[in-house]
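Let's take a walk through this model, one piece at a time. Have the viewer ready and follow along.

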Amino acid sequence: MAVGVRTQDLRKVYSSSPPMGAAGGFIARADAKGSKQAKTQIPALDGLSLEIAPGEIFGLLGPNGAGKSTTVGVLTTRVRPTSGQAWIGEHDVWKEQAHVKRLIGVVPQRPNLDFSLTAREILVFHGAYFGIGSKVRNDRADALLEKFKLTERGNQMVRGFSGGMMQRLSIARAMMHDPEVLFLDEPSAGLDPQTRILLWEIIREYHQAGKTILLTTHYMEEADSLCQRLAIVDHGHVIAAGTPAQLKASIPGGFLLRLRFGNQTADLLQRLQALAGVREVRALDAACSGSLESARGSAEKTVAEHAGVDVYADRGGSLIPEIASLAASSGAELSDVHISEPSLENLFLHHTGRSLRD
Amino acid sequence: MNWKAFFAMLARDAHVARRNAIQLLMQTFLQPLLFVFIFGKVMVGSGYMPAAYKSLLLPGIIAISMTFTGIWAVAMPLIAEFQWTREIEDRLLAPISVGWIAIEKVIAGMLQALVAGLVVIPLAWLVLRPGVEISIGTPLTFAVIIVLIAGFSSCGGLALGCSINQQHIGLMFSMVMTPMIFFGCTYYPWSALKTFPILQKIVLINPLVYASEGMRATLVPQFPHLPTTAVILALLFFDVLLLVLGLRQFEKKSVT
């Protein structure tokens with residue numbers, strides 16, 4: 001029976017001490033409470049709540065440092081939340097750790113393979129940790145090596161493996177005990193396109209066996225093509241959640257035109273807004289705080305030179321001639337145009353004002 | 001308690017130890033054997049040391065070999081696994097509570113320390129012979145003491161391995177290991193420090209003192225040594241202290 005995943009109002013604040021060299025001692029301070037040194041408080045999760053249905057492929061999408069890996073860490077017993085709760089199925093992650101660990105498989109962002117073992121031994125011992133009988137775990141290890149195209153390297157130490165091979169083996173290991181919920185933290189980072197396609201196939205296949213999959217990514221294409229539902233995460237909380245289609249539909253218009261003018265005026269913004277098909281106009285310069293309303297207050301005033309404007313619209317390229325002539329007539333020379341079609345990237349930009357790659 | 005997972009991890013450590021057997025043997029036995037050869041053979045043979053020194057030296061060498069094998073066997077892999085390869089994560093995700101993973105490491109380290117001790121005895125005896133007068137008059141006491149020595153070294157390895165930064169391994173050797181050896185009553189009995197009364201008191205915080213004195217008490221009781229009961233109690237104290245400390249550090253390292 002498929003198992004769901006849920007988190008409620010997760011918060012996590014990392015308090016990291018100053019670097020060891022600065023602290024003077026070489027033995028890590030056993031107890032932070034006694035230390036008088038000021039701690040840097042780094043909030044990673046800020047009230048993150050998620051609900052992932054049993055048997056779903058769910059994606060956490062967000063830029064680096066958004067809190068995706070910390071969320072995975074909390075759900076996989078590796079990061080203790082400062083407050084809030086997390087469940088795998090009916091099991092509270094922080095009260096029934098051993099039980100939860102049985103239900104989950106984890107592919108970490110950075111390979112953590114056992115360097116003292118061969119590829120095959122890694123799988124076989126992993127099976128043994130999970131109490132799988134000798135014959136079954138040996139058969140399963142061989143089948144997984146085959147599936148991940150690692151059979152020929154099965155008896156080699158993993159030290160010399162390439163990044164892609166290590167990643168494949170990490171995934172094979174996570175599947176070894178046939179977990180109900182599979183976590184993949186940035187699974188395709190650093191993979192070549194071919195391996196990425198193999199990975200996607202394998203994830204879909206595992207999902208068809210009724211498993212729940214949670215993956216984090218900052219690749220739009222991956223989230224878009226693989227995930228049934230997504231949560232967009234930024235600054236430690238969910239800023240939007242839904243199916244990729246729903247999320248994309250939530251962007252006004254869908255098309256995003258990023259424009260730059262030589263001489264941008266508030267009047268120009270108003271005239272842009274009036275064009276047929278334009279849903280929303282956002283000036284990017286901080287001086288007009290991104291809203292048309294505040295710009296209206298100081299109409300006719302030059303807002304900023306070379307500032308940008310984001311136009312959300314129902315159509316893309318066909319708007320350009322109108323914008324160009326409009327710009328010409330109001331004396332603002334159009335200096336740069338970038339059109340993007342409805343995408344999660346646009347969605348992220350719409351919600352955060354930042355690009356995913358920032 | 002998930003014994004299957006526990007024994008699977010122990011089997012993994014045994015497997016890795018078997019694979020690195022030659023390296024491990026060199027690491028464990030080369031230094032004590034050279035020591036035995038120089039101090040027991042060369043110095044005694046040339047008359048700079050009395051012949052009785054051979055018998056006095058042997059228990060100390062056993063204590064050092066066991067202690068450092070235990071510390072090394074647990075601390076070094078942990079330092080690498082937590083900070084560099086992160087390979088311990090595989091076991092942290094096994095369906096067993098985190099504390100038991102640390103216990104497994106301790107047991108594996110203890111077994112290695114015991115093997116080291118039991119192999120060094122005949123090896124050193126072979127090098128030193130003739131003229132070594134060792135006897136195991138009280139086998140049970142001897143067994144208790146070597147298990148306790150294996151315990152404190154292994155637990156100490158756990159505490160150190162979870163507290164020390166990778167870049168400070170060298171410092172660990174010069175700041176912890178070296179003073180521990182030289183103030184560990186390994187090459188001389190504790191009573192020899194009576195001319196340095198303050199030092200004689202201070203060295204009592206060094207668990208290696210009890211290891212060496214305990215070995216002396218059971219293998220060469222003809223030499224002066226601390227009372228066996230005191231040795232056992234002190235070793236027990238260090239076992240528990242370092243285990244508690246080590247478990248705490250391990251849990252701190254394994255969950256952020």
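Which order do the 4 strands of the open sheet in chain A have? The order is E13-E15-E11-E16 (chain A), and the pairing is antiparallel. Strands here are DSSP runs of E with at least two residues, helices are runs of H or I with at least four, and both are numbered from the N terminus. Two strands pair if DSSP finds at least two bridges between them.

Before going further, a word on what you're looking at: this is a predicted model, where local features need pLDDT of at least 70, side-chain atom pairs count only at pLDDT 80 or more, and totals for chains, interfaces and linings use all residues. Residues are numbered from 1 along each chain as its sequence is written, while chains are lettered from A and ligands numbered from 1 in the order in which they are written.

Back to the sheet. Its edge strands are E13 (278-283) and E16 (334-340) of chain A, each pairing on one side only. On average, neighbouring strands are turned by 20 degrees against each other, direction ignored; axes are lines fitted to C-alpha atoms, for helices over the stretch in contact, and angles run from 0 to 180 degrees between N-to-C directions. Zoom in on E11 (residues 255-261) and E15 (residues 308-313) of chain A: this antiparallel pair runs over 6 bridges. There, A:Arg258 stands opposite A:Asp310 in E15(A). Helix H10 (residues 266-274) of chain A packs on the sheet and touches E11, E13 and E15 of chain A, with its direction at about 160 degrees to that of E13(A). Contact means that C-beta atoms, placed from the backbone, lie within 7 Å.

Now over to chain B, which has 10 helices and 0 strands. Its 256 residues would give a compact globule a radius of gyration near 18 Å, and chain B agrees with 19 Å (taken over C-alpha atoms; the rule is 2.2 Å times the number of residues to the power 0.38). The C-alpha atoms fill a box of roughly 60 × 40 × 35 Å along the principal axes. Of the residues of chain B, 46% count as buried, meaning 20 or more other C-beta atoms, placed from the backbone, within 10 Å of their own. Among its contacts between residues at least 6 apart in sequence, 84% join residues at least 24 apart.

Finally, the two chains meet through 28 residues from chain B and 28 residues from chain A. On the chain B side, H1(B) gives the most, with 7 residues.

Key. A residue is buried if 20 or more other C-beta atoms lie within 10 Å of its own, exposed if 12 or fewer, and partly exposed in between; C-beta atoms are placed from the backbone.
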